[in-house]
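Reader: Please walk me through this model, one question at a time. Keep the answers short.

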Amino acid sequence: LSLRAEEIIEGYKNLWEIERSFRVIKSFLDIRPIYHRDEMRVKGHVFVCVLSYYLQKVLDKELCERNVEDSVTRVIDRMGEIKLIESKISKKLKIKKRVKLKEYHKKIFKLLNLEPPPLIIA
């Protein structure tokens, strides 16, 4: 098997992109390094990593098609600003209220044709 220098460089870039997407999703999901001993856990971990890469590529394509200049990482970081605040009304009743969306959040939801989370969740 012989590869041209351009093919080797492109392969390295793709590897770097895959590893970066794994880091993004693992930090987003707060997954810490785990040394798996069980085959099913290894398969599950690999599945999450591959799924994260796929989701990143789909989101990247959608952002590109809608002329959003921010990277997938930047969009995920900014959308991570959306928080829920839990309030205890009584011993048995708690509600969660979403913080007010910024214009950036509204724009991304609209561009991706998604509904934002509801303001109040009982």
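**A walk through the model**

Reader: In which strand is Lys-88 found?
Author: This is a predicted model: local features need pLDDT of at least 70, side-chain atom pairs count only at pLDDT 80 or more, and totals for chains, interfaces and linings use all residues. Residues are numbered from 1 along each chain as its sequence is written, and side-chain values use heavy atoms, leaving out hydrogens and water. Helices (H or I, at least four residues) and strands (E, at least two) are DSSP runs, numbered from the N terminus. Lys-88 belongs to the run of residues 84-88, which is strand S1.

Reader: Is Lys-88 buried or exposed?
Author: Buried means under 20% relative accessible area, exposed means over 50%, and partly exposed is in between (1.4 Å probe, protein chains only). Lys-88 has a relative accessible area of 60%, so Lys-88 is exposed.

Reader: Which residues form a positive surface patch with Lys-88?
Author: Patches are made of residues with over 30% relative accessible area and no salt bridge; like charges are joined within 9 Å, and nonpolar side chains (Val, Leu, Ile, Met, Phe, Trp, Tyr) within 5 Å. Lys and Arg count as positive, Asp and Glu as negative, while His and the chain ends are not counted. A charge is placed at NZ of Lys, CZ of Arg, CG of Asp or CD of Glu. Lys-88 forms this positive patch with Lys-91, Lys-94 and Lys-96.

Reader: What pattern does the protein follow along the sequence?
Author: The protein has 4 helices and 3 strands. Read in sequence order, they give α-α-α-β-β-α-β.

Reader: What share of the 122 residues is buried?
Author: Accessible areas come from the Shrake-Rupley method with a 1.4 Å probe, and for residues only the protein chains shown count as cover. The protein exposes about 10100 Å², with carbon and sulfur atoms supplying 59% of it. Of its 122 residues, the buried share is 17%.

Reader: Which residues make the nonpolar surface patch of about 540 Å²?
Author: One member is Val-48, which sits in helix H2 (residues 39-65). Val-48 counts as partly exposed because its relative accessibility is 30%. The full patch is Phe-47, Val-48, Leu-51, Tyr-54, Leu-55 and Val-58.

Reader: What is phi of Asn-67 near?
Author: Asn-67 lies in the loop between H2 and helix H3 (72-79). Its relative accessible area is 68%, so Asn-67 is exposed. For a residue other than glycine, Asn-67 has a positive phi, near 60 degrees.

Reader: And what is phi of Asn-113 near?
Author: Asn-113 has its place in the loop between helix H4 (103-111) and strand S3 (120-121). Asn-113 counts as exposed, at 68% relative accessibility. Its phi is also positive in a residue other than glycine, near 55 degrees.

Reader: How many Å apart are Ile-76 and Gln-56 in space?
Author: Ile-76 lies in helix H3, and Gln-56 lies in helix H2. In sequence they are 20 residues apart. In space, C-alpha to C-alpha, the gap is 9.8 Å.

Reader: Which residues does Gln-56 touch, not counting those up to four places away in sequence?
Author: Gln-56 has a relative accessible area of 9%, so Gln-56 is buried. Contact means heavy atoms within 4.5 Å. Leaving out residues up to four places away, Gln-56 touches Arg-20, Ser-21 and Val-72.

Reader: How many salt bridges are found in the whole structure?
Author: Side chains of opposite charge can pair when their charged atoms come close. A salt bridge is a side-chain nitrogen of Lys or Arg within 4 Å of a carboxyl oxygen of Asp or Glu. The search of the whole structure gives 8.

Reader: With which residue does Lys-43 form a salt bridge?
Author: Lys-43 counts as partly exposed, at 48% relative accessibility. Its partner is 4 residues apart in helix H2, so the two are separated by about one helical turn. The closest N and O atoms are 3.1 Å apart, and the partner is Glu-39.

Reader: With which residue does Glu-81 form a salt bridge?
Author: Glu-81 is partly exposed, with 29% relative accessible area. Its partner is buried, at 17%. With the closest N and O atoms 3.2 Å apart, Glu-81 pairs with Arg-78.

Reader: Which residues are linked in a network of salt bridges?
Author: Glu-6 forms a salt bridge with Arg-4, and their closest N and O atoms are 3.5 Å apart. Glu-6 counts as exposed, at 52% relative accessibility. The linked residues are Arg-4, Glu-6 and Glu-7.
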